[in-house]
Amino acid sequence: MRRELKLAVALASLLLLFLATFVVVVVSGVESSIIFQGKTNIIKRPHRKLLAIVEPNRIFGEKCTKSDIVVNQGPTAPLPSGIPTYTVEILNVCATSCNIAAIHLKCGWFSSAKLINPKVFRRLGFNDCLVNDGKSLGVGESLSFQYANTFSYPMSVSSVACV
């Protein structure tokens, strides 16, 4: 059930990412903006309450795990030079109100022909990339960026810190 929920959240967020370049979300009469800054497309979403969520199975005292971060990646329009581009979206899908920081991804020898803001995503070494400059990603928040390379890099969460 939890895996299906994560998949549904991830697919819905990818759909929103590709359908909009600027979206205004109205929740209970309060207007909040999804902000796109520069060419790296940082997306911060407001906290949302999810309905009918079953409390996840947690080991006693465990606040969050790396499975609370979902990484989605898909192809986008190529650069004018013809180099393929890919959009990566990183989501905090924690269902127990946890902020997650120090998100590290397995990313191989990641590189990009398109400049990526190092505060959003950067490679520290082989198979170690840091997300959001190590800062926390709140519940329901996501962050995205685009990179360009002749092939996509498989990415998965290697470690997180609960804050």
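## A guided tour, starting at Arg-123

Select Arg-123 and show what surrounds it: leaving aside residues up to four places away in sequence, Arg-123 touches Cys-107, Gly-108, Trp-109, Phe-110, Asp-128 and Cys-129 (contact means heavy atoms within 4.5 Å). Before you go on, note that this is a predicted model, in which local features need pLDDT of at least 70 and side-chain atom pairs count only at pLDDT 80 or more, while totals for chains, interfaces and linings use all residues. Residues are numbered from 1 along each chain as its sequence is written, and side-chain values use heavy atoms, with hydrogens and water left out.

**Stop 1: around Arg-123**

Keep Arg-123 selected and colour by secondary structure: this residue is found in strand β6. Helices (H or I, at least four residues) and strands (E, at least two) are DSSP runs, numbered from the N terminus. Is Arg-123 buried or exposed? Neither label fits, as Arg-123 is partly exposed, with a relative accessible area of 36%; buried means under 20% relative accessible area, exposed over 50%, and partly exposed in between (1.4 Å probe, protein chains only).

Now add Phe-110. Its backbone oxygen lies 2.9 Å from a polar atom of the Arg-123 side chain. Ser-111 is worth adding too: its C-alpha atom is separated by 8.0 Å from that of Arg-123, with their positions 12 residues apart along the chain.

**Stop 2: the salt bridge**

Move to Arg-122 and Asp-133. These two form a salt bridge, with the closest N and O atoms 2.7 Å apart. The pair links distant parts of the chain, 11 residues apart: Arg-122 sits in strand β6 (residues 121–125), Asp-133 in the loop between β7 (128–131) and β8 (142–148). The term stands for a side-chain nitrogen of Lys or Arg within 4 Å of a carboxyl oxygen of Asp or Glu. How many salt bridges does the structure hold? It holds one. Asp-133 is partly exposed at 28% relative accessibility, and Arg-122 is partly exposed with a relative accessible area of 28%.

**Stop 3: the open sheet**

Switch to a cartoon view and find the four strands that form an open sheet in the order β6-β7-β5-β9, with antiparallel pairing. Strands β6 and β9 stand at the edges with a single partner strand each, so one side of each is left without a neighbour in the sheet. From one strand to the next, the twist averages 30 degrees; axes are lines fitted to C-alpha atoms, for helices over the stretch in contact, and angles run from 0 to 180 degrees between N-to-C directions.

Select β5 (residues 100–106) next. Five of its seven residues are buried, so this strand is largely enclosed by the rest of the structure. Five bridges join β5 to the antiparallel strand β9 (residues 156–162), and two bridges join β5 to β7, again antiparallel. Two strands pair if DSSP finds at least two bridges between them. To follow the register, label these residues:

- Ile-100, which stands opposite Cys-162 in β9
- Lys-106, which stands opposite Ser-156 in β9
- Leu-105, which stands opposite Cys-129 in β7

**Stop 4: Lys-114**

Pick Lys-114, in the loop between β5 and β6. Its side chain and that of Gln-146 are joined by a polar contact of 2.7 Å. Such a contact is a pair of N or O atoms within 3.5 Å; within protein, one must be able to donate a hydrogen and the other to accept it, and residues adjacent in sequence count only if both atoms are side-chain atoms. Lys-114 and Ala-148 are 5.4 Å apart in space, C-alpha to C-alpha, and 34 residues apart in sequence.

**Stop 5: the aromatic cluster**

Show the rings of Tyr-86, Phe-110, Phe-121, Phe-145, Tyr-147, Phe-151 and Tyr-153, which form one aromatic cluster. The whole structure has nine aromatic pairs. Tyr-147 and Tyr-153 have ring centres 6.1 Å apart and planes at 50 degrees, so the pair is tilted. Phe-151 and Tyr-153 also make a tilted pair, 5.0 Å centre to centre with 55 degrees between the planes. Rings of Phe, Tyr and Trp (its six-membered ring) pair if their centres lie within 6.5 Å; planes under 30 degrees apart count as stacked, over 60 as edge-to-face and the rest as tilted.

Colour these residues by accessibility: Tyr-147 is buried at 0%, Tyr-153 is buried at 8%, and Phe-151 is partly exposed at 43%.

**Last stop: the whole chain**

Zoom out to see one helix and nine strands. Of the 163 residues, 39% count as buried.
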